[in-house]
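Subject: Structure for you to look at, with notes

Dear colleague,

I am handing over the structure below, together with some notes that I hope will be useful when you open it. Please read them alongside the coordinates and tell me if anything is unclear.

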Amino acid sequence: MLVTLPMALSGLPDDDEPRSGPNAGYAQDVPPGGGFVPGLAAAQTDNSGGSSSGPPGGELPAQAAGGAQRDQGAQHDQAGVTTDGTVPGPGANPGGAPGQVQQHQPQQQTQPQGERQGPPVPAPRAKSVVYEGMAGRGCGGGTQFTGVGAYSDGKAGWVNHGNGGCGTSFVSIPMSGDANRDDPSAYGVWTFNTGPVTAGSCAISVFIPSGDVTVVGGSPSVYRVFDRFAVDKATPVGTFQIDQVANRGKWVSVGTFRANDGKLAVQLLNRGRDWAGSTKTYAHHAAAMIKANCKA
């Protein structure tokens, strides 16, 4: 034993000799896994700040909880901002790949299907169907005035006034002599082809000219309205009366009446007294212009 002891001691390195070799200062038998314990051993650095071992670039990957490595591209500076300019929010990396810092994108609010942007656009209104016409002596445009049973007998018969033009001419119709009975063989009638208004309502107005009772003497004058032209074979859709003497020189609105099949007619009856006591007055009803404003 005394002989072998010096030989064993001679195999140990001298403290004054420099150590060399890849495992200088460590035991020769390296445990499984290389002997590196996470969190305990750190990489040795030289004076330039680089690591003496690890991947190119001189830095070891940072260790995440549980040993998962974070992406080197998402390194953080001291203010918590990543080197690529993004700021990881709380709970970064939810559901993403290990080490990735996900940027928060604001969710765009989607509009429910069927809703419009801004205020609702009103539906276009249906275009109104209207008609306006004036009938009388000399007027046309789908209108006509007819004196049924007309005859000439001086101031006792039918008397025309004006120059024959529309709006400036009218006729005076002699009275039957009885305030309650008509002579069915004589009357005036205005007709209107209401055109686009095949069925609808028509507001009627009547013009009363100026003159004495031999020209404008109805008090009252009686009218009937029809929704067809053959007034002698039809039932009226309405009637009205006008005191012509009290409304000389005026337009008189008389109401709204029905039109059908594009037709409207107004009839002036001849009932009326043309005498006072035993004296003949020769009173007449004035038949001037009539307007019809119709809408469907």
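What follows goes from the overall picture to the disulfides, the sheets, the nonpolar cores and two individual residues.

Please keep in mind throughout that this is a predicted model. The secondary structure of the protein consists of one helix and 14 strands, and 26% of its 296 residues count as buried. Among the contacts in the protein with a separation of 6 or more, 70% are made by residues that are 24 or more positions apart.

The disulfides

There are two disulfides by the distance rule that was applied, and, with bonded cysteines counted along the chain, they follow the pattern 1-2, 3-4. One of them joins C139 to C166, with an S to S distance of 1.8 Å. C139 lies in the loop between β1 (130-135) and β2 (143-148), while C166 lies in the loop between β3 (159-161) and β4, so this pair ties together parts that are 27 residues apart in sequence. The torsion about the S-S bond of C139 and C166 is about 80°, and the disulfide is therefore right-handed. Its two ends are not equally covered, since C139 is buried, with a relative accessible area of 11%, whereas C166 is partly exposed, at 36%.

The other disulfide joins C202 to C294, with an S to S distance of 2.0 Å. Here both cysteines sit in strands, C202 in β6 (residues 199-208) and C294 in β14 (residues 290-295), so the pair ties together parts that are 92 residues apart in sequence. The torsion about the S-S bond of C202 and C294 is about 110°, which means that this disulfide is right-handed. C202 is buried, with a relative accessible area of 0%, and C294 is buried as well, with a relative accessible area of 3%.

The three-stranded sheet and V171

Three strands form an open sheet in the order β3-β4-β13, and the pairing is antiparallel. β3 and β13 (284-287) stand at the edges, each with a single partner strand, so one side of each is left without a neighbour in the sheet. The twist from one strand to the next averages 25°. Within this sheet, β3 and β4 pair in the antiparallel sense over three bridges, and V171 in β4 is the bridge partner of N160.

How is V171 placed within strand β4, and which residues does V171 contact? The residue belongs to the stretch 170-174 that makes up β4, and V171 counts as buried because its relative accessibility is 3%, under the 20% cut-off. Leaving aside its neighbours within four places in sequence, V171 is in contact with R137, F145, W158, V159, N160, H161, H285, A286 and A287. V171 and G147 are 24 residues apart in sequence, and their C-alpha atoms are 8.5 Å apart in space.

The nonpolar cores and strand β8

The largest nonpolar core has 35 residues, and those with the most contacts inside it are W190, I204, V206, Y223 and F240. Apart from this core lies another, of six residues, among them V189, F226, A234 and A265. Not counting residues up to four places away in sequence, F240 touches V206, S221, V222, Y223, V225, V254, F257 and V266.

F240 also belongs to the covered face of strand β8 (residues 238-242), along with G238 and I242, while T239 and Q241 make up the uncovered face. Strand β7 (residues 221-226) is joined to β8 by five bridges, and the two run antiparallel. I242 in β8 is the bridge partner of S221.

A buried loop asparagine

N270 is placed in the loop between β10 (263-268) and β11 (275-276). Is N270 buried or exposed? With a relative accessibility of 3%, N270 counts as buried. A polar atom of the N270 side chain lies 2.9 Å from the backbone nitrogen of D183. Residues up to four places away in sequence aside, N270 touches P174, M175, S176, D182, D183, A186 and H285. H285 is thus listed among the contacts of N270 and also among those of V171.

With best wishes

Technical notes:
Residues numbered from 1 in each chain as written. Heavy atoms only, no water. Helix = DSSP H or I, 4+ residues; strand = E, 2+ residues; numbered from the N terminus. Buried < 20%, exposed > 50% of the residue type's maximum accessible area, 1.4 Å probe, protein only. Contact = heavy atoms within 4.5 Å. Disulfide = S-S within 2.5 Å. Polar contact = N/O pair within 3.5 Å; in protein donor to acceptor, adjacent residues only side chain to side chain. Core = buried A, V, L, I, M, F, W, Y, C linked by side-chain atoms within 4.5 Å. Pairing = 2+ DSSP bridges. Axes fitted to C-alpha atoms, helices over the stretch in contact; angles between N-to-C directions.
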